[in-house]
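Colleague: I would like a close look at a single part of this protein. Please take me through a few of its serines and their surroundings.

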Amino acid sequence: MRPDPAPRQKPEAGPRDKSLAADASAVVVVYSTYPNTEEAKAIGGALVDLRLVACANILPPMTSIYRWQGARHEDGEVVMASDNAPAR
């Protein structure tokens with residue numbers, strides 16, 4: 001009879017590089033998409049005005065190809081990358 005194998009350990013959640021997890025000065029970049037430039041500008045401007053992000057970069061229109069509810073779709077979108085440094 002074989003001995004029982006050792007129980008498997010669950011992988012630890014969170015970043016693999018622990019030095020980043022402990023670094024409170026790390027910048028966080030958020031990637032988000034919007035249906036058009038006007039909406040991206042409105043939201044990006046509000047985030048900057050409210051000091052929730054340090055900067056909002058709005059990139060040119062792109063085409064997203066994706067599957068939704070069993071069908072393939074293609075739509076134009078605008079990307080906004082916003083970065084936020086920790087409170088000073």
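Modeller: What follows sets out the whole chain briefly and then goes through the serines and the parts around them.

The model is predicted. The protein has two helices and four strands, and from the N terminus on these run α-β-α-β-β-β. There are 88 residues in the protein, and 12% of them count as buried. The protein exposes about 7600 Å², of which carbon and sulfur atoms supply 56%. If we take the contacts between residues at least 6 apart in sequence, 59% join residues at least 24 apart.

Start with Ser-82, which lies in strand 4, the run of residues 71–84. Is Ser-82 buried or exposed? Its relative accessible area is 5%, and the cut-off for buried is under 20%, so Ser-82 is buried. Residues up to four places away in sequence are not counted in the list of what it touches. With those set aside, Ser-82 touches Val-28, Val-29 and Val-30, and also Val-53, Cys-55 and Ala-56.

One residue from that list, Cys-55, can be looked at from its own side. Cys-55 lies in strand 2 (residues 55–58). Along the chain, Cys-55 and Ser-82 are 27 residues apart, yet their C-alpha atoms are separated by 5.5 Å. Beyond its neighbours within four places in sequence, Cys-55 is in contact with Val-48, Ala-81, Ser-82 and Asp-83. Cys-55 has a relative accessible area of 28% and is therefore partly exposed, whereas Ser-82 is buried.

Val-48, one of the contacts of Cys-55, falls in the range of helix 2, residues 37–49. This helix has 13 residues and reaches 18 Å from its first C-alpha to its last, close to the 18 Å expected at 1.5 Å a residue. At the N-terminal end of helix 2, Asn-36 acts as a cap: one of its side-chain oxygens lies 3.3 Å from the backbone nitrogen of Glu-38. Just after helix 2, Arg-51 takes a positive phi of about 60°.

The next serine, Ser-32, is found in strand 1, residues 28–34. Its relative accessible area is 17%, which makes Ser-32 buried. Outside the residues up to four places away in sequence, Ser-32 touches Val-78, Val-79 and Met-80. These three fall within strand 4, whose residues are 71–84. The side chain of Ser-32 also makes a polar contact, at 3.1 Å, with the side chain of Tyr-34.

The last serine is Ser-64, in strand 3 (residues 62–68). Ser-64 counts as buried because its relative accessibility is 13%, under the 20% limit. Which residues is it in contact with, leaving aside its neighbours within four places in sequence? They are His-73, Glu-74, Asp-75 and Glu-77. With Glu-77 there is also a polar contact of 2.4 Å between the side chains. As for strand 1, the C-alpha atoms of Ser-64 and Thr-33 are separated by 9.8 Å, with their positions 31 residues apart along the chain.

To put the three serines side by side: Ser-82 is in strand 4, Ser-32 in strand 1 and Ser-64 in strand 3. Ser-82 is buried at 5%, Ser-64 at 13% and Ser-32 at 17%.

Key
Residues are numbered from 1 along each chain as its sequence is written. This is a predicted model: local features need pLDDT of at least 70, side-chain atom pairs count only at pLDDT 80 or more; totals for chains, interfaces and linings use all residues. Side-chain values use heavy atoms; hydrogens and water are left out. Buried means under 20% relative accessible area, exposed over 50%, partly exposed in between (1.4 Å probe, protein chains only). Contact means heavy atoms within 4.5 Å. A polar contact is a pair of N or O atoms within 3.5 Å; within protein, one must be able to donate a hydrogen and the other to accept it, and residues adjacent in sequence count only if both atoms are side-chain atoms. The expected span of a helix is 1.5 Å times one less than its number of residues. Accessible areas come from the Shrake-Rupley method with a 1.4 Å probe; for residues, only the protein chains shown count as cover.
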